[in-house]
Amino acid sequence: MLKIHNSLAREKQDFIPLTPGKVKIYVCGMTVYDYCHLGHARMMVVFDMVQRWLQASGLDVTYVRNITDIDDKIIKRAQENNESIEALTTRFIRAMEDDAAALGVAPPSFEPRATRHVEDMIVMIRTLVDKNLAYAASNGDVYFAVHRFPGYGKLSGKSLEDLRAGERVVIDPYKKDPLDFVLWKAAKPGEPQWDSPWGGGRPGWHIECSAMGERYLGEHFDIHGGGQDLQFPHHENEIAQSEGAHGHPFVNYWMHNGFVRVDDEKMSKSLGNFFTVREILARYQPEVVRFFILRAHYRSPLNYSDQHLEDARRALDRLYTALKGSEVSEVAPAIDWNGTYARRFREAMDDDFNTSDAIAVLFDLANEINKTGSQKTIVLMRVLGGVLGLLQQDPRQYFQDVVAAADSVFTPERVEQMIQQRLVARAKKNYDEADRIRKELLDAGIILEDGAQGTTWRRGTSVSAV
């Protein structure tokens, strides 16, 4: 049975869906005012893996990942760029979709945008006001009254006393309690606004996910996920809103992926160690980045460095080397979960999605292939890898996918041209020229392999990098 570490219970628990055979999962997505960074990539890849494993386990999955397309940061960035909010958000939604596709992240079942569900948010806010859990302030804002919801703090483990003593809260003279949070923001000049019972304005950030989760998954669903940084206050506030509005549990299992660190420091723009997905993909193959993310357990910190990415590339090279000469099948065969390797893989994934141990099984399969050349083992390795979104490329294409600087002259076409020049030099017995060409390619990280079928090439580690 699948076990999930439930952040609410602070322990691993057997996963029992609300509806047998079906799973409903909601994950907090991006606020689209800039390009995706590595933290976003981890969230997308982790919950794509979760969706894949649930489906591989025979469950019918409805997966919702929202888009926040109205927010203070979005308004500020649009004003700085002198462009419309719609133009800004449309541009970065496209960029997000491109990055997700490059990383092998399948689209969610639904990807609602906040601006298209404002009416749902107004309905929920009205319910909270009617239940005396929220109040309209004199400035036109509407606030959730934290002290009126008895369960506040159960996800984060924080009491109201601890929060008042230790948390930094925004000083707002219109709040009845410094811990109260905004549900509806009164309109400011030049900002987008919607009509509401409290006047023109726009929703606060926290109410978005409560309303959209209910719209697509109902008042009570199985799994809610997101980055560890969202556990408090965002997810805590979601619980207060949804359970306050409906009077019953909101989510059964809360999942949070760990932070991303860079050379053992927290990733931060202020520290100058902030990397977008696009910057990383300019240097490394997308599958290498996905492999790097999945090689660590989703709840553990992910430490980014050039060395760790290089280690990931070399490790993935080993797996593809075992598959060399095999062909990609368009139809994946059914997995016999009774086999030793498949059973170990399943046990790892059922243990709170332990991709680290599951990938160790792939390496054991690679060792078996290197010893026996078994076609059956090759097929199994590909199928199990596919469950994680890995090992689905043609090995030759993988090794020829040279990741280099944008101004690199070593395109695949250029490499093939140099191979032909080397063959001509060898035919003329100009071995010095042939060796020079081989060395030039080797220095760029391109290895030539001469065989009975001719000369092939693949990526390797450049001599200059060693």
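In this predicted model, Val-146 has a relative accessibility of 1%, and because buried means under 20% relative accessible area, Val-146 counts as buried. Val-146 is placed in the loop between β6 and α5 (160-166). Setting aside residues up to four places away in sequence, Val-146 touches Tyr-152, Leu-160, Leu-179, Asp-180 and Phe-181. His-5, by contrast, is 141 residues from Val-146 in sequence, and the two C-alpha atoms are 27 Å apart in space.

## The antiparallel sheet

Strand β6, which comes before the loop of Val-146, belongs to an open sheet of 4 strands, whose order is β5-β6-β7-β8 and whose pairing is antiparallel. The edges of this sheet are β5 (134-136) and β8 (201-203), and because each of them has a single partner strand, one side of each is left without a neighbour in the sheet. From one strand to the next, the twist averages 20 degrees.

Within this sheet, β6 (residues 142-144) and β7 (residues 181-186) run antiparallel and are joined by 3 bridges. Phe-144 has Phe-181 of β7 standing opposite, and Phe-181 is also one of the residues that Val-146 touches. Helix α4 (residues 118-130) lies across β5, β6, β7 and β8, and its direction is at about 120 degrees to that of β7.

## The parallel sheet

A second arrangement to follow is an open sheet in which 4 strands take the order β4-β3-β9-β10, with parallel pairing. Which strands stand at the edges of this sheet? They are β4 and β10 (251-257), and since each has a single partner strand, one side of each is left without a neighbour in the sheet. Here the twist from one strand to the next averages 20 degrees.

Strand β3 (residues 22-27) runs parallel to β4 (residues 60-65), and 6 bridges join them. Between these two strands the chain passes through helix α1 (residues 38-56), making a β-α-β crossover that is right-handed. Strand β3 also pairs with β9 (residues 221-227), again in the parallel sense, over 3 bridges. The residues that stand opposite each other can be set out by name, and Tyr-26 appears with a partner in β4 as well as with one in β9.

| Residue | Residue opposite | Strand of the residue opposite |
|---|---|---|
| Val-27 | Arg-65 | β4 |
| Tyr-26 | Val-64 | β4 |
| Tyr-26 | His-224 | β9 |

Helices also lie against this sheet. Helix α6 (residues 205-217) lies across β3, β4 and β9, and runs at about 155 degrees to β3. Helix α7 (residues 231-246) packs on the sheet and touches β9 and β10, with a direction that makes about 160 degrees with that of β9.

## Aromatic rings

Tyr-26, which has bridge partners in β4 and in β9, is also a member of an aromatic cluster, together with Phe-221, Phe-250 and Trp-254. In the structure there are 18 aromatic pairs. A pair of aromatic rings is described by the distance of the centres and the angle of the planes.

Rings also lie under charged side chains in two places described here. The charged end of Lys-158 sits over the ring of Phe-232, at 5.4 Å from the centre of that ring, while Arg-346 lies over the face of Trp-337, at 4.9 Å from the ring centre.

Note on methods. Residues are numbered from 1 along each chain as its sequence is written. This is a predicted model: local features need pLDDT of at least 70, side-chain atom pairs count only at pLDDT 80 or more; totals for chains, interfaces and linings use all residues. Side-chain values use heavy atoms; hydrogens and water are left out. Rings of Phe, Tyr and Trp (its six-membered ring) pair if their centres lie within 6.5 Å; planes under 30 degrees apart count as stacked, over 60 as edge-to-face and the rest as tilted. A charge sits over a ring if NZ of Lys or CZ of Arg is within 6 Å of the ring centre and within 35 degrees of the ring normal. Two strands pair if DSSP finds at least two bridges between them. Axes are lines fitted to C-alpha atoms, for helices over the stretch in contact, and angles run from 0 to 180 degrees between N-to-C directions. Contact means heavy atoms within 4.5 Å. Buried means under 20% relative accessible area, exposed over 50%, partly exposed in between (1.4 Å probe, protein chains only). A crossover is right-handed if, with the strands pointing away from the viewer, the path from the first strand over the helix to the second runs clockwise.
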